[in-house]
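Thank you all for coming; before I begin, please take a moment to look over the sequence and the model on the screen. I will then go through the parts one after another.

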Amino acid sequence: MPRRAIVQLGLAGLVLTGCSVKVVENVEPFRLGVTNAGDADKPRVERPEPVKRYQFECRGINGNPLIILSSLEEVWANTQYKKFADVVVTYVGPQPQVLVAEENAAVNGALETGAVGARNDICLLIIKACTRNNPPTISTALYGLGGVPIVKGALTLAPMAPQAAVLTKWLKEVA
């Protein structure tokens, strides 16, 4: 079928169905990320990269490093999470270390239940308890971190963490 006939059939179809076509002139082309044509001249304000505060060196059962991550959320979401036998937590943020509100609340809870040491050190232990401990050796690991006070601080800091159910169960067993 010739091209001209196809165009004529298309136009006839539009007329028969009652559709109308409106021609719009002087329309600016679409620009990605621009909502109004006037916005194209303004530079977009970018959110700054979040400050990395901690480094999480996740290790396998044999002690070899598997991956290095920079947040608890990354640790919990990692596809190898169940392979982590241990996680070494290091503070790498701005010096001196200043605890955020959630960390202060967790440290206060740990101190109230008997934790001893510097606040920043207690915070690192709490964060480590929130990561992942190898289930066969979890009791030894948690006692090594500081026991009940650190676990209670971990549950204050991250009550919905993947490790939270294990920590809660451990607390009930030792109480």
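**The sheet, a helix pair and a pocket**

Let me start inside the sheet, with Glu57, whose bridge partner in β2 is Ile68. On the β3 side, Glu57 has Val88 as its bridge partner. When I say strand or helix, I mean DSSP runs numbered from the N terminus, with at least two residues (E) for a strand and at least four (H or I) for a helix, and two strands are called paired if DSSP finds at least two bridges between them.

I should say early that this is a predicted model, in which local features need pLDDT of at least 70 and side-chain atom pairs count only at pLDDT 80 or more, while totals for chains, interfaces and linings use all residues. Residues are numbered from 1 along each chain as its sequence is written, and side-chain values use heavy atoms, with hydrogens and water left out.

Arg59 can be read in the manner of Glu57: its bridge partner in β2 is Pro65, and in β3 Arg59 stands opposite Asp86. How are the strands ordered in the open sheet? The three strands follow the order β2-β1-β3, with antiparallel pairing. Because β2 (65-69) and β3 (86-91) stand at the edges, each with a single partner strand, one side of each is left without a neighbour in the sheet. Neighbouring strands are turned by 20° against each other on average, direction ignored; here axes are lines fitted to C-alpha atoms, for helices over the stretch in contact, and angles otherwise run from 0 to 180 degrees between N-to-C directions.

β1 and β3 are joined by six bridges, and β1 and β2 by four. The hairpin of β1 and β2 has five residues between the strands, and there Gly63 takes a positive phi near 90°. Further along, in the loop between β3 and α3, we meet Pro96, which is joined to Gln95 by a cis peptide bond with omega of about -5°. As background, most residues other than glycine have a negative phi, and most peptide bonds are trans.

Turning to the helices, α4 lies across β1 and β3, running at about 145° to β3. Helix α4 (residues 119-130) also packs with helix α6 (residues 148-157), at an angle of about 70° and with the axes 8 Å apart. That makes α4 roughly perpendicular to α6, a label used for angles of 65 to 115 degrees. In their contact, which means heavy atoms within 4.5 Å, α4 contributes residues including Ile122 and Leu125, and α6 residues including Ile150 and Gly153. The residues of this contact divide into nine nonpolar, one polar and no charged, where Ala, Val, Leu, Ile, Met, Phe, Trp, Tyr, Cys and Pro count as nonpolar, Asp, Glu, Lys and Arg as charged, and the others, Gly among them, as polar.

Finally, a word on the lining of the largest pocket, which by class has nine nonpolar, two polar and five charged residues. A pocket is an open set of points on a 1 Å grid where a 1.4 Å probe fits, with protein on both sides within 12 Å along at least five of seven lines, and lining residues have an atom within 4 Å of a point. Which element gives the largest share of that lining? That element is α2, with three residues.

Key
Parallel < 35°, antiparallel > 145°, perpendicular 65-115°, else oblique.
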